[in-house]
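This report describes the overall build of one protein chain and then its two main pockets. Keep the sequence and the 3D view open while reading.

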Amino acid sequence: MRQVTYTIESNGSLTGGVYRATLRGDTSAITRPGQFVNIALDGLFLRRPISVCDWDEDGLTLIYKVVGRGTEQLSRMAPGQTLDALSGLGNGYDIAACPDNPVLAGGGVGVPPLYGLAKRMLAAGKKPTVVLGFNTAAEIFYDMQFAALGVAVSVATVDGTAGVKGFVTALIPEGAYVCACGPEPMLKAVYNKAAGGQFSFEARMGCGFGACMGCTCKTVTGHKRICKEGPVLFKEEILW
């Protein structure tokens, strides 16, 4: 973990209430896709955790949904403004533990960290397949960016306005190894279909680095903190 001052390079709407921000600053603490940053915002006591979509040596990309005071404030910030963030938090996806042809399954704002994961899987010689789930066509984002990486991308929408009608699980082959990120009902459905995999969970966090124990969950190997031992857990250790 490292405390970093990031400078906003861009910050704008992708679709509906989903925004993308690019930040310039030190990313040396980010070592795995699936990690997150915890951002301080004026007037708010707790920082806001946001997963890292992608990063390089100069900065990072965040994709977030406006759901409350913190993210609404963030959405109004302009290029040139700065953010105080704790960077490189959490335990991300273990690419070495994945087979050569994993499925990456994202639902809604669970999609962003899978983009950085797909890039690094390709760099490691693996060939992931990407499946994305949204409520409706108007909410779809980043499908073209995944396709531009050269991976196969499929989309499902609950109302059938784009891609396959239904949930993202309809696009996952039986017995697949899945790296998933999304709302908990989606993760549970993917868990029941996948033969193995890694699952990124969300939780309300106090400190974001394991000190307050506020985001502890029970696993088959004991209690673990979503912000520290997670947010990515292996299928074999998850208890519902």
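Of the chain's 240 residues, 51% count as buried. Bear in mind that the model is predicted.

**The chain as a whole**

The secondary structure amounts to four helices and 15 strands. The chain has a radius of gyration of 17 Å, close to the 18 Å that the globule rule gives for 240 residues, so it is as compact as a globular protein of that length. Along the principal axes, the C-alpha atoms fill a box of roughly 45 × 40 × 35 Å.

Contacts reach far along the sequence. Take those between residues at least 6 apart: 60% of them join residues at least 24 apart.

The accessible surface of the chain is about 10,700 Å². Carbon and sulfur atoms account for 51% of that surface.

**The two pockets side by side**

| Pocket | Volume | Lining residues by class |
|---|---|---|
| Largest | about 920 Å³ | 14 nonpolar, eight polar, six charged |
| Second largest | about 530 Å³ | 13 nonpolar, eleven polar, three charged |

**The largest pocket**

Which residues lie nearest the centre of the largest pocket? They are P49, I50, V67, E202 and A203, out of 28 that line the pocket. Three elements each supply at least two residues of this lining: β4 (48-55), β5 (59-65) and α1 (69-75). Which of the elements gives the most to the lining? That is β4, with four residues. Two of the central residues, P49 and I50, fall within the 48-55 span of β4. By class, the lining of the largest pocket includes 14 nonpolar residues and six charged ones. E202, a central residue, is one of the charged kind.

**The second largest pocket**

The second largest pocket has a volume of about 530 Å³. It is lined by 27 residues, and the closest to its centre are G107, G108, G133, F134 and N135. The elements that give two or more residues to this lining are β8 (129-134) and α4 (184-193). Here α4 gives the most, with three residues. G133 and F134, both among the residues closest to the centre, sit in the 129-134 span of β8. The lining of the second largest pocket has eleven polar residues beside 13 nonpolar and three charged ones. Glycine counts as polar in this scheme, and G107, G108 and G133 are among the residues closest to the centre.

Key:
Residues numbered from 1 in each chain as written. Predicted model: local features only at pLDDT ≥ 70, side-chain atom pairs only at ≥ 80, totals over all residues. Heavy atoms only, no water. 1 Å grid on protein atoms, 1.4 Å probe; cavity = no way out; pocket = protein on both sides within 12 Å on 5 of 7 lines; lining within 4 Å. Points joined across faces, edges and corners; volume = space filled by probe spheres on them. Rg over C-alpha atoms; globule rule 2.2 N^0.38 Å. Buried < 20%, exposed > 50% of the residue type's maximum accessible area, 1.4 Å probe, protein only. Contact = heavy atoms within 4.5 Å. Areas by Shrake-Rupley, 256 points an atom, 1.4 Å probe, with all protein chains shown as cover.
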